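Thanks for making the time this morning. I would like to walk you through the pockets and one helix contact, so please have the structure open in front of you.

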Amino acid sequence: MVFKTIGNKSNPVILFFHAMGVIGESGMPVAEKMKEKYYCIMPTSTVYCPGQRYQSKRDEIQQIVRFLENHGIKEIELAVASSIGADLAIAFLTETKITVKHVFFDGGQFAQIRKATRRIMVPFLYIVTKSLYWSKGKTLKRIMWCDDDKIKPYFIEAGKNLTYGNLRRQLADSLEDKPFPELSEELQKHTFWEFGSIEEHFKYRNAVMQTYIHGNFPVFEGFNHMQYQIRDSEGFARMLETIIETGRLPNPVVKKGGRNGY
């Protein structure tokens, strides 16, 4: 993995888990807004690192843990996981002893897909991701709702570095057709599973609500997949700070859904 950081190492830590098809620095627009108060860590999955071989989800977690331990980090103030980053983040939460105080899933990819289907998905996702590099980002609008210049470079870099083998190995142990891992009641109370009301991943909301009954499940009305994070990194950062400071979301952001009336 490759790790990018920003902020003072003595400040509380925010750990980012990036979406599919981008590198870890895709969290930088938000991290830039939080660097005065927090130390932001943005790992890039081995899948998108040049010359590196993806081994397994467990290996990815071990790499993150080693980085944290080598830097003397024993507590995470907030973990932010976007899209398929949620799959790795939920494994991190259940397989490590490092304390995580708050969690925010932005449009978490909580699909449970059979092994054969995941295998079939590989060539399609490979071509889609590589096309972003080959076209210098011109195909992004065909894949996502946006082609914003501030997010496009992270897609292009990921497409440049992606190999077919790494993607195949990643999907072999991601989005597995298994029950969701258990989380403690206390951590659930400090975890937010957010979805935009018009995004495709909204369909996973009921499944996570039924599993993590003590959690928070806000809906961003009228928003598409990760739209708030991409279009308004300042507002998204302030929202995350509110979660850290109060354990709640600012009401003007969230229109309905979730625990305690959110």
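The largest pocket holds about 950 Å³ of space, and I should say at once that this is a predicted model. Its lining is made up of 42 residues, and those that lie nearest the centre of the pocket are Met20, Ser83, Met144, His201 and His225. If we ask which elements give two or more residues to this lining, they are β2 (13-17), α1 (28-34), β4 (75-82), α4 and α10 (227-231), and it is α4 that gives the most, with 6 residues. By class, the lining of the largest pocket divides into 26 nonpolar, 13 polar and 3 charged residues.

Turning to the second largest pocket, we have about 250 Å³ of space, lined by 16 residues, of which Lys57, Asp87, Ile90, Pro179 and Pro181 are the closest to the centre. Here the largest share of the lining, 5 residues, comes from helix α3, residues 85-95, and the lining as a whole divides into 8 nonpolar, 3 polar and 5 charged residues.

Let me come back to α4, which spans residues 115-134, since its axis comes within 9 Å of the axis of helix α7, residues 164-172, the two crossing at roughly 145°. That crossing is right-handed, and on the α4 side the contact is made by Arg118, Met121, Val122, Pro123, Leu125 and Tyr126, while α7 brings Tyr164, Leu167, Arg168, Leu171 and Ala172. What classes of residue are found in this contact of α4 with α7? There are 9 nonpolar residues and 2 charged ones, with no polar residues.

Key. Residues numbered from 1 in each chain as written. Predicted model: local features only at pLDDT ≥ 70, side-chain atom pairs only at ≥ 80, totals over all residues. Heavy atoms only, no water. Axes fitted to C-alpha atoms, helices over the stretch in contact; angles between N-to-C directions. Helix = DSSP H or I, 4+ residues; strand = E, 2+ residues; numbered from the N terminus. Left-handed = near helix turned anticlockwise from the far one by under 90°. Contact = heavy atoms within 4.5 Å. Nonpolar A, V, L, I, M, F, W, Y, C, P; charged D, E, K, R; others polar. 1 Å grid on protein atoms, 1.4 Å probe; cavity = no way out; pocket = protein on both sides within 12 Å on 5 of 7 lines; lining within 4 Å. Points joined across faces, edges and corners; volume = space filled by probe spheres on them.
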